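Subject: Handing over the structure, with notes on what was found

Dear colleague,

I am passing a structure on to you, and I would be glad if you kept it open beside this message while you read. The sequence and the structure come first, and my notes come after them.

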Amino acid sequence: MSEGSIRALAALDDELRRNMYAFIRQARRPVTRDEAAASAGISRKLAAFHLDKLVAAGLLRARYEFVGERRGAGRTPKVYEPSGEEVRVSIPPRHHDLLADILLGAVLDEGERENARDAALRVARERGRAIGTAERERTRPGRLGAERALTVATEVVERHGFEPSRESPVCVRLRNCPFHPLAAREPAVVCGINHSFLGGVLSGLDAASVEAALEPRPGECCVELRARS
């Protein structure tokens, strides 16, 4: 779970904040402090405190703007509206957005001699390679031996929903599948996409000393990262 999601959850732990956040989302327009306070049955000052907590958590954004056609005298009121950020909680994390992006890419870019599965595997590898390349350009790790390559790869895949576990200096098991429960429904397709994606990450990292190997185990990801034999 990301730090942003944790902050958002902490902010919504308070019932008053949850109620005001729901009110503002349902309003579909900027809401003033007075309106938010009235919706929760609390004072304007207390509402301002809770609203600013929601802004700090990234759930709302605030600005100064008159609401409606009337422009009264005095200060421009502060208004609040949803930030557009989504809050999703899953332990272990799920990354269905990544899978959806891969499948959409396959639909839009299916080659004449490809079937849908082949296109999905190709796009998965391309997405993984792009992520690995970006990481290599950012960190410039130099030539990667097996142990260092697995360390770098572990950091990358962890950011994309996997739970890597170093079983030995030259083997990393992935304890979860970020695409579960879809993997349980269509294991051949989803495990193939996983395998291609992780192979692409290693390719982008230029980590020729290690490989992504299909080694399914119950309750875990079907892939492990290990030194080439």
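What follows is a description of some features of this structure, taken part by part.

Please keep in mind from the start that this is a predicted model.

**The sheet built from β1, β2 and β3**

A good place to begin is an open sheet of three strands, in which the order is β1-β3-β2 and the pairing is antiparallel. Because β1 (31-32) and β2 (60-64) stand at the edges and each has a single partner strand, one side of each is left without a neighbour in the sheet. As general background, the strands of a sheet pair through backbone hydrogen bonds, and they may do so in a parallel or an antiparallel way.

On one side, β2 and β3 are joined in the antiparallel sense by five bridges, and within this pairing Arg63 has Val79 of β3 as its bridge partner, while Ala62 stands opposite Tyr80 in β3. On the other side, β1 and β3 also run antiparallel and are joined by two bridges, and here Thr32 has Val79 in β3 as its bridge partner.

How many of the five residues of β3 are buried? Four of them are, so that the strand can be called mostly covered.

**Lys78 in β3**

One residue of this strand deserves a closer look, namely Lys78, which lies in strand β3 (residues 78-82). Is Lys78 buried or exposed? Its relative accessibility is 18%, and because buried means under 20%, Lys78 counts as buried. Its side chain is joined to that of Asp52 by a polar contact of 3.4 Å. If neighbours within four places in sequence are left aside, the residues in contact with Lys78 are Val31, Thr32, Arg33, Asp52, Ala62, Arg63 and Tyr64.

**Helix α4 beside the sheet**

Returning to the pairing of β2 and β3, which is antiparallel over five bridges, you will find that helix α4 (residues 44-56) packs on the sheet and touches both β2 and β3, with a direction that makes about 115° with that of β2. This helix has 13 residues, and the span from its first C-alpha to its last is 18 Å, which is close to the 18 Å expected at 1.5 Å a residue. Its buried residues include Ala47, Ala48, His50, Leu51 and Leu54. After α4 comes Gly58, which has a positive phi, near 85°.

**The strands around β5**

Further along the chain, strand β4 (residues 164-168) and β5 run antiparallel and are joined by four bridges, with Pro164 standing opposite Leu174 in β5. The two strands form a hairpin, and two residues lie between them. Strand β5 is also joined to strand β7 (residues 223-227) by three bridges, again in an antiparallel arrangement, and in β7 the bridge partner of Val172 is Leu225.

In a regular strand, side chains alternate between the two faces of the sheet. In strand β5 (residues 171-174) both faces are covered, since Cys171 and Arg173 on one side and Val172 and Leu174 on the other are all buried.

**Two cysteines that are not bonded**

A search of the whole structure finds zero disulfides. Cys191, for example, is in no disulfide, although the sulfur of Cys222, which is the nearest cysteine sulfur, is 3.1 Å away. Why is there no bond between Cys222 and Cys191? A disulfide needs the two sulfur atoms to be within 2.5 Å, and the 3.1 Å between the sulfur of Cys222 and that of Cys191 is therefore too far for a bond. Cys191 is buried, with a relative accessible area of 19%, and Cys222 is buried as well, with a relative accessible area of 7%.

**Two positive phi angles in loops**

Most residues other than glycine have a negative phi, and I therefore end with two residues to look at. Arg140, which is not a glycine, has a positive phi of about 45°; it is found in the loop between α6 (116-139) and α7 (146-158), and at 69% relative accessibility it counts as exposed. Asp206 has a phi near 60°, again a positive value in a residue other than glycine. Asp206 is found in the loop between α9 (187-205) and β6 (210-214), and at 48% relative accessibility it counts as partly exposed.

With best wishes

Terms used:
Residues numbered from 1 in each chain as written. Predicted model: local features only at pLDDT ≥ 70, side-chain atom pairs only at ≥ 80, totals over all residues. Heavy atoms only, no water. Buried < 20%, exposed > 50% of the residue type's maximum accessible area, 1.4 Å probe, protein only. Polar contact = N/O pair within 3.5 Å; in protein donor to acceptor, adjacent residues only side chain to side chain. Contact = heavy atoms within 4.5 Å. Pairing = 2+ DSSP bridges. Axes fitted to C-alpha atoms, helices over the stretch in contact; angles between N-to-C directions. Expected span 1.5 Å × (residues − 1).
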